[in-house]
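Dear colleague,

I am passing on the structure we spoke about, and below it I have set out what I found when going through it. Please read the notes with the model open beside them.

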Amino acid sequence: MVYYFIAASRSFLCEQEPLSESLRERRRNYSDRGKEIDFWLVEQPNFLDLPAFAKLKSVIPQPAAAVISTDPKVIRWLKLRLEFAATGEFDSADLADPLGSSAVGLG
């Protein structure tokens, strides 16, 4: 399965930008349409440790965060709201846990 993402520093996504408001809006939209949630906010996402993302990880201020989705439309929708964030995709076959996190002690 292919996962799509938008990634940036945790500070940018979770503190500086109104991401929580955007995600609540999207959840409400899904609920109204009876659609299952297909996006997740992940702090220190494991996919950034894949060799293919070494360069991306080196330019994103740490700690990082990402919204990961199985629907590319969700990520395009967020990219319109979050100009200074990177987008991309990865295959779930590359990771044991595509939504995994290496976050420890973030609060």
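Serine 92 lies in the segment that follows strand S4 (86-91), and in this predicted model its relative accessibility of 18% is under the 20% limit, so serine 92 counts as buried. Leaving out residues up to four places away in sequence, serine 92 touches Met1, Tyr3 and Pro98.

The overall picture of the chain may help in placing what follows. The protein chain has 4 helices and 4 strands, and from the N terminus on these elements run in the order β-α-α-β-α-β-α-β. A compact globule with 107 residues would have a radius of gyration near 13 Å, and because the protein chain has 13 Å, the two agree. Taken along the principal axes, the C-alpha atoms fill a box of roughly 40 × 30 × 25 Å, and 41% of the 107 residues count as buried. Among the contacts between residues at least 6 apart in sequence, 78% join residues that are at least 24 apart.

Next, the helix pair. Two packed helices are described by the angle between their axes and by the distance between the axes. Helix H2 (residues 19-33) and helix H4 (residues 72-81) pack at an angle of about 145 degrees, and their axes are 11 Å apart; the crossing in which H2 passes H4 is right-handed. From H2, the residues Leu19, Ser22, Leu23, Glu25, Arg26 and Tyr30 meet Lys73, Val74, Trp77, Leu78 and Arg81 of H4. Sorted by class, this contact of H2 with H4 has 6 nonpolar, 1 polar and 4 charged residues.

Several of these residues come up again at phenylalanine 39, which is found in strand S2. With a relative accessibility of 5%, phenylalanine 39 counts as buried, and, its neighbours within four places in sequence aside, phenylalanine 39 is in contact with Leu23, Arg26, Arg27, Tyr30, Val67, Ile68, Ser69 and Val74. From phenylalanine 39 to glutamate 21 the separation is 18 residues in sequence and 14 Å in space, C-alpha to C-alpha.

Helix H4 also holds lysine 79, which at 30% relative accessibility counts as partly exposed. The side chain of lysine 79 reaches the backbone oxygen of glutamate 83 at 2.9 Å, while, not counting residues up to four places away in sequence, lysine 79 touches Ile6, Ala85 and Thr87. Lysine 79 and phenylalanine 5 are 74 residues apart in sequence, yet their C-alpha atoms are 9.7 Å apart in space.

Phenylalanine 5 appears once more among the partners of phenylalanine 53, which, with residues up to four places away in sequence not counted, touches Phe5, Phe47, Leu48, Glu89 and Phe90. Phenylalanine 53 has its place in the loop between S2 and H3 and, at 12% relative accessibility, counts as buried. Between phenylalanine 53 and phenylalanine 90 there are 9.4 Å in space, C-alpha to C-alpha, for a separation of 37 residues in sequence.

Two points of backbone geometry deserve a look. The loop between strand S2 (39-43) and H3 is also the place of glutamine 44, whose phi is near 45 degrees, a positive value in a residue other than glycine; glutamine 44 is buried, with a relative accessible area of 17%. The second point is the peptide bond from glutamine 62 to proline 63, which is cis, with omega near 0 degrees. Proline 63 sits in the loop between helix H3 (54-59) and strand S3 (64-69).

What does serine 9 touch, not counting residues up to four places away in sequence? The list is Ile60, Pro61, Pro63, Ala64 and Ala65, which brings in the proline that follows the cis peptide bond. Serine 9 is found in strand S1 (residues 2-9) and is buried, with a relative accessible area of 11%. Its side chain reaches the backbone nitrogen of phenylalanine 12 at 3.0 Å.

With best regards

Definitions and conventions:
Residues numbered from 1 in each chain as written. Predicted model: local features only at pLDDT ≥ 70, side-chain atom pairs only at ≥ 80, totals over all residues. Heavy atoms only, no water. Buried < 20%, exposed > 50% of the residue type's maximum accessible area, 1.4 Å probe, protein only. Polar contact = N/O pair within 3.5 Å; in protein donor to acceptor, adjacent residues only side chain to side chain. Contact = heavy atoms within 4.5 Å. Axes fitted to C-alpha atoms, helices over the stretch in contact; angles between N-to-C directions. Left-handed = near helix turned anticlockwise from the far one by under 90°. Nonpolar A, V, L, I, M, F, W, Y, C, P; charged D, E, K, R; others polar. Rg over C-alpha atoms; globule rule 2.2 N^0.38 Å.
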